[in-house]
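Thank you for sending this model; my notes follow as numbered points, and they are best read with the strands in view.

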Amino acid sequence: QVQLVESGGGLVQAGGSLRLSCAQSGRTFSSYAMGWFRQAPGKEREFVASISASGGFTYYADSVKGRFTVSRDNAKNTVYLQMNSLKPEDTAVYYCAGGRRSAPPSFYARRAVEYDYWGQGTQVTVSS
């Protein structure tokens with residue numbers, strides 16, 4: 001059984017930073033792409049970032065490009081999302097997701113259907 005467990009969320013002031021972690025168990029972590037999505041109250045879930053199995057390919061939503069960095073440590077079965085220069089509009093529940101393949105092209109990596117497994121989510125709140 002594949003499990004994804006996020007951590008690292010919290011309350012931060014605008015301009016601050018947080019690092020989210022997502023630990024995976026139950027399958028070979030290093031064989032699959034990983035993604036981060038978020039959902040704000042009253043809004044649909046949206047793509048934030050993704051990283052291929054090897055870490056060689058990363059993709060970002062335009063809204064976070066230059067502020068967020070996705071990375072992974074395959075030895076620790078963990079994917080990270082470093083979030084800098086946070087804005088109030090970044091407030092959302094953040095979800096990590098386990099992909100179906102190792103290196104989906106950008107168009108597919110941004111779609112929720114590309115991911116088979118989801119964490120429970122972690123709340124990020126940015127105050128102004």
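Two strands are taken to pair if DSSP finds at least two bridges between them. The model is a predicted one, and the points below should be read with that in mind.

1. I begin with strand E9, where the pairing can be followed on several partners. E9 and strand E11 (residues 122–127) pair in the antiparallel sense over three bridges, and within this pairing Val93 stands opposite Gln123 in E11. Strand E10 (residues 115–118) also pairs with E9 in the antiparallel sense, again over three bridges, with Ala97 opposite Trp118 of E10. The pairing of E4 with E9 is likewise antiparallel and is made through six bridges; here Phe37 has Tyr95 of E9 as its bridge partner, while Met34 stands opposite Gly98 of E9. As for burial, seven of the eight residues of E9 are buried, which leaves the strand mostly covered.

2. Strand E4 (residues 34–39) deserves a point of its own, since E5 is another of its partners: E4 and E5 pair in the antiparallel sense over five bridges. Trp36 has Ala49 of E5 as its bridge partner, and Met34, which stands opposite Gly98 in E9, has Ile51 as its bridge partner in E5. Five of the six residues of E4 are buried, so this strand is largely enclosed by the rest of the structure.

3. The connection between these two strands can be described as a hairpin, in which six residues lie between E4 and E5 and Gly42 in the turn has a positive phi of about 75°. Strand E5 (residues 46–51) is itself mostly covered, with five of its six residues buried.

4. E5 continues the pattern with strand E6 (residues 58–60), to which it is joined by three bridges, the two strands running antiparallel. The bridge partner of Ile51 in E6 is Thr58, so that Ile51 should be looked at together with its partner Met34 on E4. In the hairpin of E5 and E6, which has six residues between the strands, a positive phi near 90° is found at Gly55.

5. Turning to the other sheet that I looked at, I find an open arrangement of four strands in the order E1-E3-E8-E7, with antiparallel pairing. Strand E1 (3–7) and strand E7 (68–73) stand at its edges and have a single partner strand each, so one side of each is left without a neighbour in the sheet. On average, neighbouring strands of this sheet are turned by 15° against each other, direction ignored.

6. Within that sheet, E3 and strand E8 (residues 78–83) pair in the antiparallel sense over six bridges, and Leu20 has Leu81 of E8 as its bridge partner.

7. How many disulfides does a search of the whole structure find? The search finds one, and it joins Cys22 to Cys96 with an S to S distance of 1.9 Å. Cys22 lies in strand E3 (residues 18–25) and Cys96 in strand E9 (residues 92–99), so the pair ties together parts that are 74 residues apart in sequence. Taking buried to mean under 20% relative accessible area, Cys22 counts as buried at 0% relative accessibility, and Cys96 is buried too, with a relative accessible area of 0%.

8. A contact distant in sequence is found at Leu86, which lies in the loop between E8 and E9. Leu86 and Gly15 are 71 residues apart in sequence, yet 4.9 Å apart in space, C-alpha to C-alpha. At 2% relative accessibility, Leu86 counts as buried.

9. Finally, which residues line the largest cavity? A search of the whole structure finds one cavity of 30 Å³ or more, and the space in the largest cavity is about 40 Å³. Its lining is made of Ala33, Ser50, Ile51, Ser52, Phe57, Tyr59, Ala103, Pro104, Ala109 and Tyr115. These lining residues divide into eight nonpolar, two polar and no charged. Ile51, one of the residues of this lining, is also the bridge partner of Met34 and of Thr58, and I would therefore keep the cavity and the E5 pairings in one view.

How values were computed: Residues numbered from 1 in each chain as written. Predicted model: local features only at pLDDT ≥ 70, side-chain atom pairs only at ≥ 80, totals over all residues. Heavy atoms only, no water. 1 Å grid on protein atoms, 1.4 Å probe; cavity = no way out; pocket = protein on both sides within 12 Å on 5 of 7 lines; lining within 4 Å. Points joined across faces, edges and corners; volume = space filled by probe spheres on them. Nonpolar A, V, L, I, M, F, W, Y, C, P; charged D, E, K, R; others polar. Disulfide = S-S within 2.5 Å. Buried < 20%, exposed > 50% of the residue type's maximum accessible area, 1.4 Å probe, protein only. Axes fitted to C-alpha atoms, helices over the stretch in contact; angles between N-to-C directions.
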